[in-house]
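Here are some exercises to work through with the model open beside you. Try each task before you read its solution.

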Amino acid sequence: MSARTPGGDGGTEGRGPVTGYAEYLDLPQLLGAQHPRSSPVHHDELLFIVQHQTSELWFKLVLHELTAACRYLGGDELAPALKCLARVKNVQRTLIEQWSVLATLTPREYAQFRGALGTASGFQSHQYRAVEFVLGNKDAGLLPAFAADPAAHDLLAGLLEAPTLYDEFLRLMARQGVAVPAEVLDRDVREAWTYRPQLVPLFRAVYEDPGAPWGFYEACESLVDIEDNLQMWRFRHLRTVQRTIGDKRGTGGSAGLAFLRRALDVTFFPELYAVRTVIGT
């Protein structure tokens, strides 16, 4: 007796060609996009490729949600922006957990196909850079590195000129009566965000004043969640690299662990951490 689905048709309604699912997801292209370069092909190279391809797909969704959140905040629609951020946080948890899969790759296994990567490096991910741009860690000096990829270059150039998620949130607060300083609202959004102590009293009021809008508090905590998750992703990245290649330089000539350690010091919303020192004092 063959296994049947609850519908009794074995999952192939009408017994016609089963093509709609594959066509909708473009599975032939998606599943045919893994091209190991080691020769002979090493068993574990597929793991390495799939890990990074799925990460890029998740980054695509994170960007989709973060840029939508920026648009919602710009239109004074805080609730749907918060929904976008909630989705981002769940995607981030998936990205964090994915490192446990790559961590099954032993140093010996990776060494057997690492040379086939050539100059390819995760540091070249334009989508990861784009996420950092949206969150406030902008660097115009990165754009020339993507000159050979017009789509990537244009994406980053557009985000360089656009307000960050934090900028849009602060502008929304100002439009709703919070006295955000003009020098913050009028800052050059092409520059990386830097700590602004004059914002700390404003956020203190959000956290301590019972009459403060709950949505502001929820947004602040969502931003902190996103930064915490990104820092955890960075840390898991560092530890996975460390257990796989130690202190070797990364592929493509990257600094490897040294760069990853420096990245842990980068913060996106420093005032939302600084305010915790003064709450209740």
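## Exercise 1: The largest cavity

Of the elements lining the largest cavity, α11 provides the largest share, with four residues. Keep in mind throughout that this is a predicted model.

**Task.** Find out what volume the largest cavity has, which residues are closest to its centre, and how its lining divides by class.

**Solution.**
- Step 1. Start with the volume, which is about 90 Å³ for the largest cavity.
- Step 2. Turn to the lining: 13 residues surround the largest cavity, and F59, V62, Q92, V131 and L230 are the closest to its centre.
- Step 3. Assign the lining to elements. At least two residues each come from α3, α4, α6 and α11.
- Step 4. Sort the lining by class, which gives eleven nonpolar residues, two polar ones and no charged ones.

## Exercise 2: The second largest cavity

**Task.** The structure holds two cavities of 30 Å³ or more. Work out which residues line the second largest cavity and which element gives the most to its lining.

**Solution.**
- Step 1. The volume of the second largest cavity is about 40 Å³.
- Step 2. Its lining is made up of L73, L78, L82, L85, L165, F169, A219 and L223.
- Step 3. α4, α8 and α11 supply at least two lining residues each, and α4 gives the most, with three.
- Step 4. By class, the lining of the second largest cavity has eight nonpolar residues, no polar ones and no charged ones.

## Exercise 3: The largest pocket

**Task.** Describe the largest pocket: what is its volume, which residues lie nearest its centre, and which element provides the largest share of the lining?

**Solution.**
- Step 1. The largest pocket has a volume of about 1,200 Å³.
- Step 2. Its lining holds 43 residues, and those nearest the centre are F48, H52, A120, S121 and G122.
- Step 3. Two or more lining residues come from each of α3 (45-74), α4 (78-102), α6 (126-135), α11 (214-245) and α12 (257-263). The largest share, nine residues, belongs to α3.
- Step 4. The class count for the lining of the largest pocket is 19 nonpolar, 18 polar and six charged residues.

## Exercise 4: A glutamine in α4

**Task.** Is Q98 buried or exposed, and which residues beyond its sequence neighbours does Q98 contact?

**Solution.**
- Step 1. Place the residue: Q98 is part of helix α4.
- Step 2. Compare its accessibility with the cut-off. Q98 has 12% relative accessibility, and buried means under 20%, so Q98 counts as buried.
- Step 3. List the contacts. With neighbours within four places in sequence set aside, Q98 is in contact with Q51, T54, S55 and W58.

## Exercise 5: Aromatic pairs

**Task.** The structure holds 14 aromatic pairs. Take two of them, F48 with F113 and Y166 with F203, and work out what geometry each pair has.

**Solution.**
- Step 1. F48 and F113 lie 5.8 Å apart, centre to centre, with 70° between the planes, and the pair is edge-to-face.
- Step 2. F48 sits in helix α3 and F113 in the loop between α5 (107-111) and α6, so this pair ties together parts 65 residues apart in sequence.
- Step 3. Both rings belong to buried residues: F48 has 15% relative accessibility and F113 has 1%.
- Step 4. For Y166 and F203, the ring centres are 6.4 Å apart and the planes are at 5°, so the pair is stacked.
- Step 5. Y166 lies in helix α8 (residues 165-175) and F203 in helix α10 (residues 200-208), so the pair ties together parts that are 37 residues apart in sequence.
- Step 6. Y166 is buried, with a relative accessible area of 1%, and F203 is buried at 1% relative accessibility.
- Step 7. Follow the ring pairs further, and Y166, W193, F203, F268 and F269 link into a cluster.

## Exercise 6: The core and the whole chain

**Task.** Which residues touch the most other members of the largest nonpolar core, and how many helices does the chain have?

**Solution.**
- Step 1. The largest nonpolar core has 68 residues, and L66, L135, L165, F169, L170 and F203 touch the most other members.
- Step 2. Take L66 as an example. Leaving out residues up to four places away in sequence, L66 touches L85, V88, V131, V134, L135 and L165.
- Step 3. Zoom out to the fold: the chain has 13 helices and zero strands.
- Step 4. Of its 281 residues, 41% count as buried.
- Step 5. Among contacts between residues at least 6 apart in sequence, 70% join residues at least 24 apart.

Technical notes
Residues are numbered from 1 along each chain as its sequence is written. This is a predicted model: local features need pLDDT of at least 70, side-chain atom pairs count only at pLDDT 80 or more; totals for chains, interfaces and linings use all residues. Side-chain values use heavy atoms; hydrogens and water are left out. On a 1 Å grid over the protein atoms alone, a cavity is a set of points where a 1.4 Å probe fits but cannot get out, and a pocket is an open set with protein on both sides within 12 Å along at least five of seven lines; lining residues have an atom within 4 Å of a point. Grid points are joined across faces, edges and corners, and a volume is the space filled by probe spheres set on the points. Ala, Val, Leu, Ile, Met, Phe, Trp, Tyr, Cys and Pro count as nonpolar, Asp, Glu, Lys and Arg as charged, and the others, Gly among them, as polar. Buried means under 20% relative accessible area, exposed over 50%, partly exposed in between (1.4 Å probe, protein chains only). Contact means heavy atoms within 4.5 Å. A nonpolar core is a set of buried Ala, Val, Leu, Ile, Met, Phe, Trp, Tyr and Cys residues joined through side-chain atoms within 4.5 Å. Rings of Phe, Tyr and Trp (its six-membered ring) pair if their centres lie within 6.5 Å; planes under 30 degrees apart count as stacked, over 60 as edge-to-face and the rest as tilted.
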